[in-house]
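Here is a short tour of one structure, to be read with the model open beside you. Please have a look at it first, and then we can go through the pockets, the sheet and the helices together.

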Amino acid sequence: MQVAKVQFLQDSILNTSPPSTHPNMKSISNANQDSISSAYASWLGKHPSALDNFDQMMSIAKGKEIVVFLDYDGTLSQIVDDPDKAYMSDSMRAAVREVASCFPTAIVSGRSRDKVSEFVKLRNVYYAGSHGMDISTPSGSSKYGNQKHQTKTVDEKGKQVVNFHPAKEFLPTIQKIIKVLKENIKKINGSSVEDNMFCISVHYRRVKNEKDVGVLKEIVESIMKSYPNFHVSGGKKVMEIRPNVNWDKGHALMYLLDTLGFDNSDDVFPMYIGDDKTDEDAFKVIKRIGRGFPIVVSSIAKETKASHSLRDPSDVMAFLVRLAKWKKSLVRRT
């Protein structure tokens, strides 16, 4: 590890000063806002609103076996400064509960499975944590999961479950990295390290000085040079550290479809709603399947493989409520 460089980077934090404000900043900001609005309107032409196009989407999905996949942060909850306070609203929880009563539903999150389960507090959904590296289902998958990574156990209700952990052998190293990171970034006010079981999140949303953010990133990248079996990726004000295993949210989607009995079905119709870069892996899989709707949650124009979009968690909730009502209306007609 390059200890000297890390120390130098830490010391440089003490010599920072806030940026000055430009006298024409307000007019520049207004012009930028107009440009963003125009860009977003153009982007919606390629990724139309799932709410505005709901009837058209359901005409395609009708008669199919819909399976719902949901990210958590930024999708079911608002992005907040303190990741430990990314609480789910009661109304959102009710919406997810209703959808899960109509369709098989899974939460696929970068958080640890236990943590996202504590946030969601629903028993009628499946959970996949650590970007899909921590999955628990009633039965494992012989097709998508290596048997040595699947362990049979009994849950708190006495039911048999299979836990799938493709990065289990990395756990001791992950704990070592967490300890080193916490020690080296503690001088950067507002930064934090989150243990997500099989991956690590370094948060900097509460770091107020942009120069400190740059220093933080350099410290993390410098430390991680000593761990070549891991890689660092970016997210929304967060650095994600994951082991180099051939597994992501797209693989998790296929694993869950298989364990739920839909892998060989020509009628399966996955819907995946997510807001971050890691969700793009699931979007790509749905594109490859050739059926289903990858839906990105974004209020700005950005590169995505999603076919449709929703602006924010309130749009997500409205879509879920409408989806459950649509299903129930079909049941009443039969």
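## The second largest pocket

Let us begin with the lining of the second largest pocket, whose residues divide into 4 nonpolar, 5 polar and 9 charged. Please keep in mind that this is a predicted model. The pocket is lined by 18 residues, and those nearest its centre are Lys236, Asp275, Val297, Ser298 and Lys302. Its volume comes to about 280 Å³.

## The largest pocket

How much space lies in the largest pocket? The value is about 610 Å³. Here the lining is made up of 22 residues, with Arg123, Val125, Tyr127, Asp155 and Glu156 lying nearest the centre. Two or more lining residues come from each of helix H5 (113-120), strand S3 (126-129), strand S4 (134-137) and strand S6 (160-164). H5 gives the largest share, with 4 residues.

By residue class, the lining of the largest pocket splits into 6 nonpolar, 7 polar and 9 charged.

## The sheet

Now for the strands. The model has an open sheet of 9 strands with mixed pairing, and if you trace across it you will meet them in the order S5-S6-S4-S3-S2-S1-S11-S12-S13. At the edges stand strand S5 (150-154) and strand S13 (308-310); each has a single partner strand, so one side of each is left without a neighbour in the sheet. From one strand to the next, the twist averages 20 degrees.

For one pairing in detail, look at strand S1 (residues 65-70) and strand S2 (residues 105-108), which pair in the parallel sense over 3 bridges. Phenylalanine 69 stands opposite alanine 106 in S2. As a reminder, strands of a sheet pair through backbone hydrogen bonds, either parallel or antiparallel.

## Helices on and off the sheet

Which strands does helix H10 (residues 313-333) lie across? They are S1, strand S11 (268-274), strand S12 (293-297) and S13, and H10 runs at about 155 degrees to S11.

A helix pair is also worth a visit. The axes of helix H8 (residues 249-259) and helix H9 (residues 280-289) come within 6 Å and cross at roughly 55 degrees, which means that H8 is oblique to H9. On the H8 side, the contact involves Lys249, Gly250, Leu253, Met254 and Leu257, and these meet Asp281, Ala282, Val285, Ile286 and Ile289 in H9. Sorted by class, the residues of this contact are 7 nonpolar, 1 polar and 2 charged.

Methods: Residues are numbered from 1 along each chain as its sequence is written. This is a predicted model: local features need pLDDT of at least 70, side-chain atom pairs count only at pLDDT 80 or more; totals for chains, interfaces and linings use all residues. Side-chain values use heavy atoms; hydrogens and water are left out. Axes are lines fitted to C-alpha atoms, for helices over the stretch in contact, and angles run from 0 to 180 degrees between N-to-C directions. Angles under 35 degrees count as roughly parallel, over 145 as roughly antiparallel, 65 to 115 as roughly perpendicular and the rest as oblique. Contact means heavy atoms within 4.5 Å. Ala, Val, Leu, Ile, Met, Phe, Trp, Tyr, Cys and Pro count as nonpolar, Asp, Glu, Lys and Arg as charged, and the others, Gly among them, as polar. Two strands pair if DSSP finds at least two bridges between them. On a 1 Å grid over the protein atoms alone, a cavity is a set of points where a 1.4 Å probe fits but cannot get out, and a pocket is an open set with protein on both sides within 12 Å along at least five of seven lines; lining residues have an atom within 4 Å of a point. Grid points are joined across faces, edges and corners, and a volume is the space filled by probe spheres set on the points.
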